Amino acid sequence: MESQLGLIDQSFNARYTSWVREALDELPDNFTITDPSISGHPIVFASRGFLKMSGYLKDEVIGRNGRIFQGPRTNRRSVMEIREAIREERTIQLSLLNYRKDGTPFWMLFHLSPVFSKEDGRVIHFVSVQVPILRKLRSEDGNRWQETVFGSCRREVCSDTVIELARCRALDSFVDSDNRVLEAEESCEANDLEKQKAATAINSILSVLTHYSEQTGRLVCGKRCNSSVMCPLSSSLNISLGRIKQSFVLTDPHLHDIPIVYASDAFLSLTGYNRHEVLGRNCRFLNGPDTDPKAICQIKESIQSDQACSVRILNYRKDGSPFWNHLHISPVRNATGRIAFYVGVQIEEGCKNEGTRGLSPEMRILGTVGAVKVAVRSLSMGAGSSKS
């Protein structure tokens, strides 16, 4: 968990100045920021407004996936639409039933937008704004209006109130035999004011992120900029790869110098580097004064011949300390059979990895390579079917 929290800190510290959190907290909006490059696509920032609205403490939210706010009546189709928007790295806005910490449900307008690196076009974060959907209920005498947040499917209401509400045709569909107010999909569309509020909030958040990224020289923007430096991995592939706990990297043989395009959390923990220090570089930065040139030649020859290879090589961490690395390199083909990446799996000699259930290094390597190949192939098959 500590390593996860370290990655969450890096998610902000590597991109923005230290004042960004304070500036974001001054915004009145309800929103969260997530990082698809970290395993589990966790929340890395939650605004004060969001915490107040949801009833959670900051420590209960940071590091967790946004699914914790979903419940039994959350529309599965809406959840799938959000996942699809993340996979396609695009903006989405829809009505969604979520749940507070105490279990009470509420309707909100959910607006999600990606944040891109201006340098290479990668998705750095996703910003999710949540605007409560307010509904005006007409009282029995028809002379006054009452404003309420709709969707409390778990909230008990007294029988007298139910009888009064039942007399209004507009509320017939909300009342069941258990005297509970039910959500109705057609009744929870956001109005224009709420939609405008969400769009304004997104613009304000992006403005803050852009300003504080300019001060570090690692600019972000709300739209993907054209870049010939490095083709970014999709957020969907990032999330799939993030579930694999072994130390590994993906390199792209179609780009100059075969740079790293993905580095697992375990790899960063093993080597001591931050993610932004790794992406875009060739793996040779792990070599040092006592690295065997024969091992390096063996790796180059395997890549040139499109073959897998395993070597024992002396590598170096960021702090300069050496470690013996049982390195396995294998080509990863997409659904058409073309080599899309090379995966390099690293196992430190003599290091006992908890959670491996006694698996040998060979089995751990095979499992990691297999999982990477499944993730890449599944994504390319999905991309192909969506275009047909």
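In which helix is Leu366 found? In this predicted model, Leu366 belongs to helix α12, which covers residues 361–387. Leu366 is exposed, its relative accessible area being 56%. Together with Leu359 and Met363, Leu366 makes a nonpolar surface patch of about 300 Å².

From this patch the description turns to the sheet. An open sheet is formed by 5 strands, in the order β10-β9-β13-β12-β11, and their pairing is antiparallel. The edges are taken by β10 (260–263) and β11 (309–316); each has a single partner strand, so one side of each is left without a neighbour in the sheet. From one strand to the next, the twist averages 30°.

The strand pairs can be taken in turn, beginning at the β11 edge. Strand β11 is joined by 8 bridges to β12 (residues 322–333), and the two run antiparallel. Within this pairing, Tyr316 has Pro322 of β12 as its bridge partner. Strand β12 in turn pairs with β13 over 9 bridges, in the antiparallel sense. Here Arg333 stands opposite Ile339, a residue of β13. The hairpin of β12 and β13 has 5 residues between the strands, and in this hairpin Gly337 takes a positive phi near 90°.

On the other side of the order given above, β13 is joined to β9 by 4 bridges, and these strands also run antiparallel. One position in this pairing is marked by Val249, which stands opposite Gly344 in β13.

How many of the 10 residues of β13 are buried? The number is 9, so β13 is largely enclosed by the rest of the structure. A residue counts as buried when its relative accessible area is under 20%. In strand β12, Ser330 meets this criterion, because its relative accessible area is 5%. Apart from its neighbours within four places in sequence, Ser330 is in contact with Ala308, Phe341, Tyr342, Val343, Val369 and Lys373.

Helices also lie against the sheet. Helix α8 (residues 235–242) lies across β9 (248–251), β10 and β13 (339–348), and runs at about 45° to β10. Helix α11 (residues 293–304) packs on the sheet as well, where it touches β11, β12 and β13; the direction of helix α11 makes about 135° with that of β11. Strand β13 is thus among the strands touched by helix α11, and it is also among those that helix α8 lies across.

The last topic is the pairing of charged side chains. Side chains of opposite charge can pair when their charged atoms come close. The count of salt bridges in the model comes to 9, and three examples are described here.

One of them joins the side chains of Arg21 and Asp9, at 3.9 Å from N to O. This pair links distant parts of the chain: Arg21 lies in helix α2 (residues 20–25) and Asp9 in helix α1 (residues 2–13), 12 residues apart. Arg21 counts as partly exposed, at 25% relative accessibility. Asp9 is likewise partly exposed, with a relative accessible area of 40%.

Another salt bridge lies within a helix. The side chains of Glu84 and Arg87 meet at 2.8 Å, N to O. Both residues belong to helix α5 (residues 76–88); because they are 3 residues apart, about one helical turn separates them. Glu84 is partly exposed at 30% relative accessibility, and Arg87 is partly exposed with a relative accessible area of 22%.

A further salt bridge is made by the side chains of Arg275 and Asp265, at 2.7 Å from N to O. Distant parts of the chain are linked by this pair, with Arg275 in helix α10 (residues 275–278) and Asp265 in helix α9 (residues 265–271), 10 residues apart. Are the two residues of this pair buried or exposed? Arg275 is buried, its relative accessible area being 11%, and Asp265 counts as buried at 18% relative accessibility.

Conventions: Residues numbered from 1 in each chain as written. Predicted model: local features only at pLDDT ≥ 70, side-chain atom pairs only at ≥ 80, totals over all residues. Heavy atoms only, no water. Patch = residues over 30% accessible without salt bridge, like charges linked within 9 Å, V, L, I, M, F, W, Y side chains within 5 Å. Areas by Shrake-Rupley, 256 points an atom, 1.4 Å probe, with all protein chains shown as cover. Salt bridge = Lys/Arg side-chain N within 4 Å of Asp/Glu carboxyl O. Buried < 20%, exposed > 50% of the residue type's maximum accessible area, 1.4 Å probe, protein only. Pairing = 2+ DSSP bridges. Axes fitted to C-alpha atoms, helices over the stretch in contact; angles between N-to-C directions. Contact = heavy atoms within 4.5 Å.
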